[in-house]
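Subject: Structure handover

Hello,

Please find below the structure you are taking over. My notes on it follow.

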Amino acid sequence: SSIEKYTLAREQFALFLKAEPNGQNSGEARYRIGECSYYLRDYSTAIEQLSEYLKTYPEHSRINWAQLLLGESYVYSEQWAKAEAVLNRLVASEKTNPSVVDDARLSLGIAFEGLRKTPEALEQYRLISDGKHLTAAPRAMMRIAAIQFAEEQYQEAAATYDELLSKYTKSSVVESASLGSGKAWFRAKEFEQALSRFRSVPKDS
């Protein structure tokens, strides 16, 4: 299983680091311990190891990925302000690898939601959805629609879900978006449209 794989890998990298704390590949090993901890959902260890990596190896090749995983570890730990600080720096820097920016924006938006900074969250999500990234954009649109629904903007929420469904037909969030759209149209008292969306959701969802 993936848990066994990451547990074993983390143990091996820790042994390597203990044997060669100042070796040529010690930075890589420290990063990998943090990464494995993140995927094992051991966020406290991930935060500890990734913070140490960023402090000790500021010029290492995986800095941006470490910042992303550190920020996301703070998000999953609901340490919103710390997540905001890390992720804001990441998205603001012109040196940031473009491949991590959308994921960083998505997590930054979630941190803003945790801090009740809804306009700032929506700004991040809209920047992602405008970029049309095949995995991040639909997830950002799901967050936008959820905020609209929570604020009782039911027609706007339904429109956001429907836009997602028309643009990203292969996305992993299609079933959730169909359900969300049905609920939003129902709350907007557009019962035929709600029924149409509910019928498109597989029965075992």
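How much area does the protein chain expose, and what percentage of it do carbon and sulfur atoms supply? The exposed area is about 11,900 Å², and carbon and sulfur atoms account for 49% of it. Please keep in mind that this is a predicted model.

Overall layout

The protein chain has 205 residues, of which 44% are buried. Its secondary structure consists of eleven helices and zero strands, so a list of the elements from the N terminus on reads α eleven times over. The C-alpha trace spans about 65 × 35 × 25 Å along its principal axes. If you take the contacts between residues at least 6 apart in sequence, 45% of them join residues at least 24 apart.

Nonpolar cores

In soluble globular proteins, nonpolar side chains tend to be buried together. Here the largest nonpolar core has 35 residues. The members that touch the most other members are Leu 50, Tyr 53, Leu 70, Leu 87 and Tyr 125. Two or more residues of this core come from each of α2 (26-39), α3 (43-56), α4, α5 (80-92), α6, α7 (118-131) and α8. The largest share is that of α4, with seven residues.

Another core lies apart from this one. That other core has 18 residues, including Met 141, Ala 158, Val 174 and Ala 188.

To look at one residue of the largest core, start with Leu 70. Leaving aside residues up to four places away in sequence, Leu 70 touches Ile 47, Leu 50, Ser 51, Leu 54 and Val 86. Of these, Leu 50 is also named among the core members that touch the most others.

The largest pocket

The largest pocket holds about 210 Å³ of space. Which helices supply at least two residues each to its lining? They are α4 (63-76), α6 (98-114) and α8 (136-150). The most comes from α6, which gives four residues.

The residues that line the largest pocket are Tyr 38, Glu 72, Val 75, Tyr 76, Asp 103, Leu 106, Ser 107, Ile 110, Arg 139, Met 142 and Arg 143. Sorted by class, six of the lining residues are nonpolar, four are charged and one is polar.

The helices α4, α6 and α8 therefore appear twice in these notes: each supplies at least two residues to the pocket lining, and each gives two or more residues to the largest nonpolar core.

Regards

Key. Residues are numbered from 1 along each chain as its sequence is written. This is a predicted model: local features need pLDDT of at least 70, side-chain atom pairs count only at pLDDT 80 or more; totals for chains, interfaces and linings use all residues. Side-chain values use heavy atoms; hydrogens and water are left out. On a 1 Å grid over the protein atoms alone, a cavity is a set of points where a 1.4 Å probe fits but cannot get out, and a pocket is an open set with protein on both sides within 12 Å along at least five of seven lines; lining residues have an atom within 4 Å of a point. Grid points are joined across faces, edges and corners, and a volume is the space filled by probe spheres set on the points. Ala, Val, Leu, Ile, Met, Phe, Trp, Tyr, Cys and Pro count as nonpolar, Asp, Glu, Lys and Arg as charged, and the others, Gly among them, as polar. Buried means under 20% relative accessible area, exposed over 50%, partly exposed in between (1.4 Å probe, protein chains only). Contact means heavy atoms within 4.5 Å. Accessible areas come from the Shrake-Rupley method with a 1.4 Å probe; for residues, only the protein chains shown count as cover. A nonpolar core is a set of buried Ala, Val, Leu, Ile, Met, Phe, Trp, Tyr and Cys residues joined through side-chain atoms within 4.5 Å.
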